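Work through the following exercises with the structure beside you, and try each task before reading its solution.

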Amino acid sequence: MKSKKIEIRKYEAWLSPETMHNHSLKWLSELRFAQDEQLFFNDLVDAYTLQLIDLKHFNESTEVINKLSALQKETKALIKTVINHEKGLNIMVDGIDQIPEENTYKDEHGKLIITISDFLEKYRALKSKLFVLIKGIIKEVKQKKLLP
């Protein structure tokens with residue numbers, strides 16, 4: 001039996017400069033919204049600090065708060081990266097054929113698609129975890145108030 005050699009080709013979709021610009025604008029919007037949400041999360045953590053440092057929730061809350069802090073730093077870095085990437089878009093629309101630079105820009109854009117997608121996935125997971133934690137704490141606080 002002969003083994004067949006399978007050829008794997010890398011598929012690159014041709015993205016127009018307008019499409020890449022729209023991606024960048026969308027990313028900036030999502031990242032800036034996440035940054036605003038993170039301010040809300042900080043206020044939420046501040047409001048429930050005493051309950052979060054309770055031994056019952058300490059380990060989980062410490063983990064969530066540390067991840068939140070790391071994601072805040074990552075959000076700022078990604079915003080800067082996307083802004084710089086957007087500024088580099090002129091290489092695609094300047095009317096001069098600079099094939100290596102244009103390919104580099106496209107590769108960078110492809111990497112950003114993956115990076116932003118992964119970040120937003122992590123962010124949503126952390127957000128859910130934080131809400132579940134705070135929701136549980138709020139329920140406990142209400143139960144304590146109801147019981148004499």
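A residue counts as buried under 20% relative accessible area, as exposed over 50%, and as partly exposed in between. The model used throughout these exercises is a predicted one.

**Exercise 1.** Find which residues have the most contacts inside the largest nonpolar core, and which elements give two or more residues to this core.

*Solution.* Begin with the core itself, which has 25 residues, and in which Leu31, Leu52, Ile116 and Phe119 have the most contacts. Next, look for the elements behind it: helix H1 (17-47), helix H3 (58-87) and helix H5 (99-146) each give two or more residues, and H5 gives the most, with 10 residues. Then take Leu52 as an example, setting aside its neighbours within four places in sequence; Leu52 is in contact with Val45, His57, Phe58, Ser61, Ile65, Leu133, Ile134 and Ile137. Finally, note that another core, of 5 residues, lies apart from the largest one and has Leu89, Ile91, Met92 and Tyr105 among its members. As background, nonpolar side chains in soluble globular proteins tend to be buried together.

**Exercise 2.** Decide whether Met92 is buried or exposed, and list what it touches beyond its sequence neighbours.

*Solution.* First locate Met92, which is found in helix H4 (residues 90-93). Its relative accessibility is 14%, and because the limit for a buried residue is 20%, Met92 counts as buried. Leaving out residues up to four places away in sequence, Met92 touches Pro17, Met20, Glu102, Tyr105 and Lys106. One of these, Glu102, is 10 residues from Met92 in sequence, while the two C-alpha atoms are 6.1 Å apart in space.

**Exercise 3.** Compare the span of H3 with the expected value, and name the elements that cover its buried residues.

*Solution.* H3 has 30 residues and reaches 44 Å from its first C-alpha to its last, which is close to the 44 Å expected at 1.5 Å a residue. The buried residues of H3 include Ser61, Leu68, Gln72, Thr75 and His85, and what covers the buried residues of this helix includes H1, H2 and H5.

**Exercise 4.** For the salt bridges Lys127 with Glu37, Lys56 with Glu140 and Lys122 with Glu74, work out which parts of the chain each pair joins.

*Solution.* Recall that side chains of opposite charge can pair when their charged atoms come close. The structure holds 5 salt bridges, and three of the pairs can be taken in turn.

- Lys127 and Glu37 meet at 3.1 Å, N to O; Lys127 lies in helix H5 and Glu37 in helix H1, so this pair ties together parts that are 90 residues apart in sequence. Glu37 is buried, with a relative accessible area of 16%.
- Lys56 and Glu140 meet at 3.0 Å, N to O; the pair links the loop between H2 and H3, where Lys56 lies, to helix H5, where Glu140 lies, 84 residues apart. Lys56 counts as exposed at 63% relative accessibility, whereas Glu140 is partly exposed at 22%.
- Lys122 and Glu74 meet at 3.1 Å, N to O; Lys122 lies in helix H5 and Glu74 in helix H3, so the pair ties together parts that are 48 residues apart in sequence. Lys122 is partly exposed, with a relative accessible area of 44%, and Glu74 is partly exposed, with 26%.

To finish, look for Glu63, Lys67 and Lys129, which are linked in a network of salt bridges.

Terms used
Residues numbered from 1 in each chain as written. Predicted model: local features only at pLDDT ≥ 70, side-chain atom pairs only at ≥ 80, totals over all residues. Heavy atoms only, no water. Core = buried A, V, L, I, M, F, W, Y, C linked by side-chain atoms within 4.5 Å. Buried < 20%, exposed > 50% of the residue type's maximum accessible area, 1.4 Å probe, protein only. Helix = DSSP H or I, 4+ residues; strand = E, 2+ residues; numbered from the N terminus. Contact = heavy atoms within 4.5 Å. Expected span 1.5 Å × (residues − 1). Salt bridge = Lys/Arg side-chain N within 4 Å of Asp/Glu carboxyl O.
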